[in-house]
Amino acid sequence: MQSILGEAVVQLNTDFWRGYFSDNQRDRAEPDWHAPVTVPQSARAALFQSLREFQLGDGGGPASLIAFNAERFRCQSSDIQSIVDSWFNEEKEHSRLLGGLLQRFGVEPIHSHWSFSLFCTLRKTLGVSFELQILTLTELVSTSYYSVLRCHCMDKAVRDVCALILRDEYGHVRFHNARLAEQYAKQGGVRRAYWRLQFWLCGYAAATVLWSSHGKCIRQLGGTTGEFYRNVTHQIKAFISSLDHSLTQESPSGGNTSEGLKYG
Ligand SMILES: [Fe+2]
Ligand SMILES: [Fe+2]
């Protein structure tokens with residue numbers, strides 16, 4: 001299946017993105033693993049299960065594009081290959097950080113889950129341009145999860161892990177925005193409107209899959225369903241607004257760094 005925006009092939013400002021991923025490895029303090037555990041007893045079981053699923057899903061599986069035709073995207077150039085590797089290395093790091101939390105809480109990791117199996121099957125079978133859309137939406141709704149978790153969990157190590165992951169996810173979202181900007185600008189107005197509609201619908205579907213597994217954890221910590229969906233709405237809206245903003249730029253593909261994108 002092909003994304004409505006067409007080919008996965010992109011014109012990226014590769015110097016910018018190689019520099020970005022390299023700079024992002026600097027000044028990364030380890031979470032305070034030895035801080036006292038301050039998770040309320042009533043929220044522990046749901047939090048631990050949520051962290052186990054995220055440790056598997058956020059970089060704990062295959063750290064690469066896995067669509068049957070993934071090489072179409074990866075092999076456009078050695079620069080793109082290296083940027084994709086840097087992106088997935090950061091995802092692997094998320095799994096390590098979440099694994100650190102599991103170890104801290106004395107919780108065993110899991111090696112399979114229905115939502116993770118579904119996620120991988122869709123990525124493998126629907127083609128790379130659709131895989132990239134699934135991953136983009138996952139970055140957006142995961143950003144909402146980590147933001148709400150960080151807001152409601154007072155445990156120092158959990159908050160430190162969320163902060164590090166969010167720092168990376170904001171960059172990943174900007175990367176996806178930049179890689180889509182040129183294709184988005186090339187479409188006619190009707191096609192763009194159709195793309196936005198399907199992106200909103202798929203975004204809420206991804207959010208609902210996430211909430212079905214992780215809502216209990218957030219609620220036990222004091223968060224609400226409305227808060228999570230408001231955050232998701234904000235993330236998707238900011239993503240689309242930035243694509244629309246790129247239409248008014250002189251050369252959406254020339255400096256595609258999505259510098260104006262605001263998240264959080
Ligand atoms: Fe991640
Ligand atoms: Fe990410």
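Biologist: On which residue is the kink in helix α8 centred?
Modeller: We are looking at a predicted model, where local features need pLDDT of at least 70, side-chain atom pairs count only at pLDDT 80 or more, and totals for chains, interfaces and linings use all residues. Residues are numbered from 1 along each chain as its sequence is written, chains are lettered from A and ligands numbered from 1 in the order in which they are written, and side-chain values use heavy atoms, leaving out hydrogens and water. Helices here are DSSP runs of H or I with at least four residues (strands are E, at least two), numbered from the N terminus. A bend is the angle between axes fitted to the seven residues ending at a residue and the seven starting there; in α8 there is a kink of about 60 degrees, centred on histidine 214.

Biologist: How far does α8 reach from its first C-alpha to its last?
Modeller: Helix α8 covers residues 189-220, which is 32 residues. The expected span is 1.5 Å times one less than the number of residues, and for α8 that comes to 46 Å. The reach in the model is close to this, at 44 Å.

Biologist: Which helices do the buried residues of α8 pack against?
Modeller: Buried means under 20% relative accessible area, exposed over 50%, and partly exposed in between, with a 1.4 Å probe and protein chains only. Among the buried residues of α8 are Arg192, Gln198, Leu210 and His214. Counting heavy atoms within 4.5 Å as contact, these buried residues pack against α2, α6, α7 and α9.

Biologist: Which residue in α8 forms a stacked aromatic pair with tryptophan 195?
Modeller: Rings of Phe, Tyr and Trp (its six-membered ring) pair if their centres lie within 6.5 Å; planes under 30 degrees apart count as stacked, over 60 as edge-to-face, and the rest as tilted. The structure holds 19 aromatic pairs, and in this one the centres are 4.6 Å apart with 20 degrees between the planes. The two residues are four apart in helix α8, so about one helical turn separates them. Both are buried, and the partner of tryptophan 195 is phenylalanine 199.

Biologist: What kind of aromatic pair do tyrosine 145 and tyrosine 146 form?
Modeller: Tyrosine 145 and tyrosine 146 are both buried. Their rings lie 5.2 Å apart, centre to centre. With 70 degrees between the planes, the pair is edge-to-face.

Biologist: Which residues coordinate the iron ion (ligand 1)?
Modeller: Donors are N, O and S atoms within 2.8 Å of the metal (3.2 Å for Na, K and Ca); water is not among the atoms, so sites may look incomplete. Along the chain, the donors of ligand 1 follow the spacing D-x32-E-x2-H-x74-E. They coordinate the iron ion at 2.0 to 2.3 Å, and they are Asp58, Glu91, His94 and Glu169.

Biologist: What is the arrangement of the donors around the iron ion (ligand 1)?
Modeller: Four donors count as tetrahedral if all angles lie between 85 and 135 degrees; four count as square planar and six as octahedral if opposite donors are over 155 degrees apart and all others between 65 and 115, and anything else is irregular. The four donor atoms of ligand 1 subtend angles of 85 to 138 degrees, which makes the arrangement irregular.

Biologist: How far apart are the two iron ions, ligand 1 and ligand 2?
Modeller: The protein donors of ligand 2 are Glu91, Glu139, Glu169 and His172, lying 1.8 to 2.2 Å from the ion. This site is irregular too, with angles of 80 to 153 degrees among its four donor atoms. Glutamate 139 and glutamate 169 are buried. Glutamate 91 bridges the two ions, and their separation is 3.4 Å.

Biologist: How many of the residues of α7 are buried?
Modeller: The end C-alpha atoms of α7 are 46 Å apart, which agrees with the 45 Å that its 31 residues should span. Helix α7 has a kink of about 40 degrees, centred on leucine 180. The helix is largely enclosed by the rest of the structure, because the number of its 31 residues that are buried is 24.

Biologist: Which residue in the loop between α1 and α2 has a positive phi?
Modeller: Most residues other than glycine have a negative phi. Here, though, a residue other than glycine has a phi near 50 degrees. The residue is exposed, with a relative accessible area of 74%, and its name is aspartate 27.
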